[in-house]
Amino acid sequence: MFDIVKASQNLEDLELHFEYEGMAVFVQWFRAATFKNDHFIEWHNHSFFELHIIKEGMTGVRLDDGGFKACAGDFYINAPGVYHEQFTDEGSPALEYCLSFNIVPNRISNTEAAVLFHILKETPCKPFKDNHGMTALFDIALVKGRLQIRL
């Protein structure tokens, strides 16, 4: 039987970084996490971005200015410095993929990468639908044991 959490531990050990149009991207970790009933991650923030993809179930997120629930097929991004806590409701276990990464702009420019960095930094933390197959890419990475990135 395939253990998705164990498979994610293999990817978590990879050192992955690359440069794209004047910005360096450092992946902190990529992992799959299962949340059982009444799972709770206390109020915190990070110095890096976190991309959360909800593979199964539902998770809730509280923020300074409210919060939301994200269901299977949704994703959300926490920008650096955004305080949040995460929870599951009783009877609502969840499986989530989390990619944590840091972006260091090496130079100020009007490149596509600079625009992407600005969008990621300014996008509010809220759920979006995965309409472009990110979940499937993460599934492949876990099964094959490597990330497949196209730039």
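Partly exposed means a relative accessible area between the buried limit of under 20% and the exposed limit of over 50%. Arg 62, with a relative accessible area of 36%, is therefore partly exposed. The model shown in these views is predicted.

**Figure 1. Overall fold of the predicted model.** The protein contains three helices and nine strands. Read from the N terminus, the order of elements is α-β-β-β-β-β-β-β-β-α-β-α. The chain has 151 residues, and 38% of them count as buried. Among contacts with a separation of 6 or more, 76% are between residues 24 or more positions apart. The exposed area of the protein is about 8,800 Å², of which carbon and sulfur atoms supply 54%.

**Figure 2. Strand β4 and its antiparallel partners β5, β6, β7 and β8.** Strand β4 covers residues 49-63. Eleven of the 15 residues of β4 are buried, and the strand is mostly covered. The pairing of β4 with strand β8 (residues 94-105) runs over eight bridges, and Glu 56 stands opposite Leu 95 of β8. Six bridges connect β4 with strand β5 (residues 66-71). These two strands make a hairpin that has two residues between them. β4 is joined to β6 by four bridges, with Ile 53 opposite Phe 75 of β6. Four bridges also join β4 to β7. Gly 60 faces a residue in two of these strands: Lys 69 in β5 and Phe 87 in β7. In a regular strand, side chains alternate between the two faces of the sheet.

**Figure 3. Arg 62 between a carboxylate and an aromatic ring.** Arg 62 and Glu 85 form a salt bridge, with 3.0 Å between the closest N and O atoms. Arg 62 belongs to strand β4 and Glu 85 to strand β7 (residues 84-87), so the salt bridge ties together parts 23 residues apart in sequence. Arg 62 also lies over the face of Phe 87, 4.2 Å from the ring centre. How buried or exposed are the two partners of the salt bridge? Arg 62 is partly exposed at 36% relative accessible area, whereas Glu 85 has 12% and is therefore buried.

**Figure 4. The salt bridge between Lys 55 and Asp 139.** The side chains of Lys 55 and Asp 139 meet at 2.9 Å, N to O. Lys 55 sits in strand β4 and Asp 139 in helix α3 (residues 134-144), so that the pair links distant parts of the chain, 84 residues apart. Lys 55 has a relative accessibility of 26% and counts as partly exposed. Asp 139 is also partly exposed, with a relative accessible area of 23%.

**Figure 5. The salt bridge between Asp 74 and Lys 129.** The closest N and O atoms of Asp 74 and Lys 129 are 2.7 Å apart. Asp 74 is part of strand β6 (residues 74-78) and Lys 129 is part of strand β9 (residues 128-129), so the pair ties together parts that are 55 residues apart in sequence. Asp 74 is buried, because its relative accessible area is 6%. A search of the whole structure finds three salt bridges.

**Figure 6. The hairpin of β1 and β2.** Strand β1 (residues 16-20) and strand β2 (residues 23-35) run antiparallel and are joined by five bridges. His 17 stands opposite Phe 26 of β2. Two residues lie between the strands, and Glu 21 in the turn has a positive phi of about 45°.

**Figure 7. Surroundings of Gln 28 in strand β2.** At 36% relative accessibility, Gln 28 counts as partly exposed. Leaving aside residues up to four places away in sequence, Gln 28 touches Phe 48, Ser 100, Phe 101 and Asn 102. Leu 14 is 14 residues from Gln 28 along the chain, and the C-alpha atoms of the two are separated by 9.2 Å.

**Figure 8. Aromatic rings and a charge over a ring.** Phe 30, Tyr 97 and Phe 138 make up one aromatic cluster. How many aromatic pairs are there when ring centres must lie within 6.5 Å? The count comes to nine. A pair of aromatic rings is described by the distance of the centres and the angle of the planes. Arg 31 lies over the face of Trp 29, at 4.1 Å from the ring centre.

Methods
Residues numbered from 1 in each chain as written. Predicted model: local features only at pLDDT ≥ 70, side-chain atom pairs only at ≥ 80, totals over all residues. Heavy atoms only, no water. Phe/Tyr/Trp six-rings, centres within 6.5 Å; stacked < 30°, edge-to-face > 60°. Lys NZ or Arg CZ within 6 Å of the ring centre and 35° of its normal. Salt bridge = Lys/Arg side-chain N within 4 Å of Asp/Glu carboxyl O. Buried < 20%, exposed > 50% of the residue type's maximum accessible area, 1.4 Å probe, protein only. Contact = heavy atoms within 4.5 Å. Areas by Shrake-Rupley, 256 points an atom, 1.4 Å probe, with all protein chains shown as cover. Pairing = 2+ DSSP bridges.
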